[in-house]
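Colleague: Please pick a single part of this model and walk me through it slowly. I'd like to see how that part sits against its surroundings.

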Amino acid sequence: MLHSATESAKKIFAPTSNSEDPGHATQYNKGALDRDDLLPSPTDQFHKWFQEAQANNVYQPETVTLSTAELPSGRVSARTLYMKELDERGFVIYSNWDTSRKASDIRSNPHAALTFHWRELERQVRVEGTVERLTSEESQVYYDTRIRGSRIGAWASQQSSVIESREQLEKRVEDVEKKFHGKDKIPVPEFWGGLRIVPDMVEFWQGRPSRLHDRFVYRKVGGEENAKGIKEAEWKIERLSP
Ligand SMILES: Cc1cc2nc3c(=O)[nH]c(=O)nc-3n(C[C@H](O)[C@H](O)[C@H](O)COP(=O)(O)O)c2cc1C
């Protein structure tokens with residue numbers, strides 16, 4: 001497992017792009033995170049940080065890396081997506097759940113992780129949890145907000161399948177357009193829709209100077225039944241070493 005590359009073989013070595021001190025890595029000094037800053041629920045805390053990201057013009061703060069792992073091989077895969085919804089239960093993304101790699105990974109293993117990076121605020125949020133599909137009715141609500149071309153595209157693309165050519169894809173789009181010609185309301189494909197990542201761990205990371213960052217992790221510790229007999233999650237919050 002241990003391989004050493006010769007100095008000349010390294011294509012990139014310790015780049016310090018954008019650092020004010022070209023000899024050393026960028027320092028993080030935009031903020032600090034304290035235990036007293038944190039709300040009891042990680043989704044509320046996430047919402048607070050998301051609003052701060054929007055207020056500070058973070059470019060597309062909904063951009064997130066979704067990591068999944070196939071079993072039994074254990075091979076991990078990751079890709080960029082958009083988080084489209086947040087509710088009390090968790091983080092919702094939309095995709096193809098038939099042919100994509102994430103779909104096949106999740107069929108074998110319901111665990112997934114999300115990573116948000118808000119560079120402008122020197123913040124990262126990590127989420128780990130299990131996944132659940134939204135119903136077609138729920139997915140239809142978001143699907144209806146998409147422009148027609150994207151709704152057609154979801155039908156036309158067997159996401160991540162090998163195709164012969166761009167023309168083959170465009171032909172599929174044409175066929176779907178014919179199928180729904182004159183129809184305003186397009187049903188959401190049953191192979192496409194929302195997936196909620198229900199967190200059992202959420203970590204908030206604030207960059208600090210000298211790599212002595214502030215990190216707090218929320219871990220789910222079961223739940224007490226409320227008056228309606230519903231188990232509500234309780235979250236234990238701990239500071240992590242940078
Ligand atoms: C900024 C950005 C946002 C993206 N958003 C989505 C998305 O919301 N849903 C989606 O299925 N793919 C999205 N993609 C494409 C995915 O990264 C990926 O190519 C696709 O989901 C297939 O991945 P898979 O086969 O590993 O599942 C996005 C890509 C980028 C760069």
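Modeller: Here is a close look at one helix, followed by a neighbour of that helix.
First, a bit of housekeeping: residues are numbered from 1 along each chain as its sequence is written. The model is predicted, and local features need pLDDT of at least 70, side-chain atom pairs count only at pLDDT 80 or more, while totals for chains, interfaces and linings use all residues.

Our part is helix α4, residues 148-156; helices (H or I, at least four residues) and strands (E, at least two) are DSSP runs, numbered from the N terminus. Arg 151, Ile 152 and Ala 154 of α4 are buried, where buried means 20 or more other C-beta atoms within 10 Å of a residue's own, exposed means 12 or fewer, and C-beta atoms are placed from the backbone. Look down the axis of α4 and those buried residues fall within an arc of 155°, so they line one face of the helix. That arc is the one spanned by the directions from the helix axis to the C-beta atoms. Turned away from the buried side is the face with exposed Gly 149 and Ser 150.

What do the buried residues of α4 pack against? Their partners are α3 (136-143), α5 (166-179) and β6 (192-206), with contact meaning C-beta atoms within 7 Å.

Now follow β6: this strand gives six residues, the largest share, to the largest nonpolar core. That core has 30 residues, and a nonpolar core is a set of buried Ala, Val, Leu, Ile, Met, Phe, Trp, Tyr and Cys residues joined through C-beta atoms within 7 Å. Phe 91 is among those with the most contacts inside the core, and Phe 91 touches residues including Leu 114, Val 127 and Ile 197.

How values were computed:
Two residues are in contact if their C-beta atoms, placed from the backbone, lie within 7 Å. Lists of a residue's contacts leave out its neighbours within four places in sequence.
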